[in-house]
Amino acid sequence: AQGEKIKGWTRTFSNSMGYAVSDTREASLNLLQYGLSMDQVQAGMQGVAGLAARAGISEAEASQVIISALAGRGTQLKKLTGLKIDDYKLDKDHVDTMKLLTDLYRQNDDLDLMVDIKDLDLTVGQISALIPLIDAE
């Protein structure tokens, strides 16, 4: 059942963002394998898609740039976005992952990458993970 929900969400998200389902799936799997929860991945994919759109790369490549930055190798992220990973460090060993993904998403307000929440089949946990990403404007 959970696998079907994930497949359905991946399909809906990728279609709404204009990316191939396989690209969204690969990006999501990269983030999951790095250690993010499914809720974090789903909440953060807007940032992945935003980086991909801004940099002209795939979502899978964008996820690798983000993972490298989270692992302390932020040169490529800075080059593509101007964001410095040091600005997201909670301490020497921990990075505020969701703040980084939120900022990546917000950098792209001008690219019109918003996904209408009603178009996604989300659980309550997934919606609550998205709330920090939604501007209260």
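User: Taking pLDDT as the predictor's confidence in each residue, from 0 to 100, over which residues does it stay under 50?
Analyst: This is a predicted model, in which local features need pLDDT of at least 70 and side-chain atom pairs count only at 80 or more, while totals for chains, interfaces and linings use all residues. Residues are numbered from 1 along each chain as its sequence is written, and side-chain values use heavy atoms, without hydrogens and water. The chain averages a pLDDT of 81, with 76% of the residues scoring at least 70. The stretch where pLDDT stays under 50, which has 16 contacts (heavy atoms within 4.5 Å) beyond four places in sequence, is residues 111-118.

User: Which element has the highest mean pLDDT?
Analyst: Helices (H or I, at least four residues) and strands (E, at least two) are DSSP runs numbered from the N terminus. The lowest mean, 59, belongs to helix 7 (residues 124-130), whereas the highest, 94, belongs to helix 4.

User: At roughly what angle do the axes of helix 3 and helix 4 cross?
Analyst: Axes are lines fitted to C-alpha atoms over the stretch in contact, with angles from 0 to 180 degrees between N-to-C directions. Those of helix 3 (residues 38-55) and helix 4 (residues 59-70) come within 8 Å. Their crossing makes the two helices roughly perpendicular (65 to 115 degrees), and the angle is roughly 105 degrees.

User: Which residues of helix 4 does helix 3 meet?
Analyst: Helix 3 brings Met-45, Val-48, Ala-49, Leu-51 and Ala-52 to the contact. From helix 4, the residues met are Glu-59, Ala-62, Ser-63, Val-65 and Ile-66.

How values were computed:
Parallel < 35°, antiparallel > 145°, perpendicular 65-115°, else oblique.
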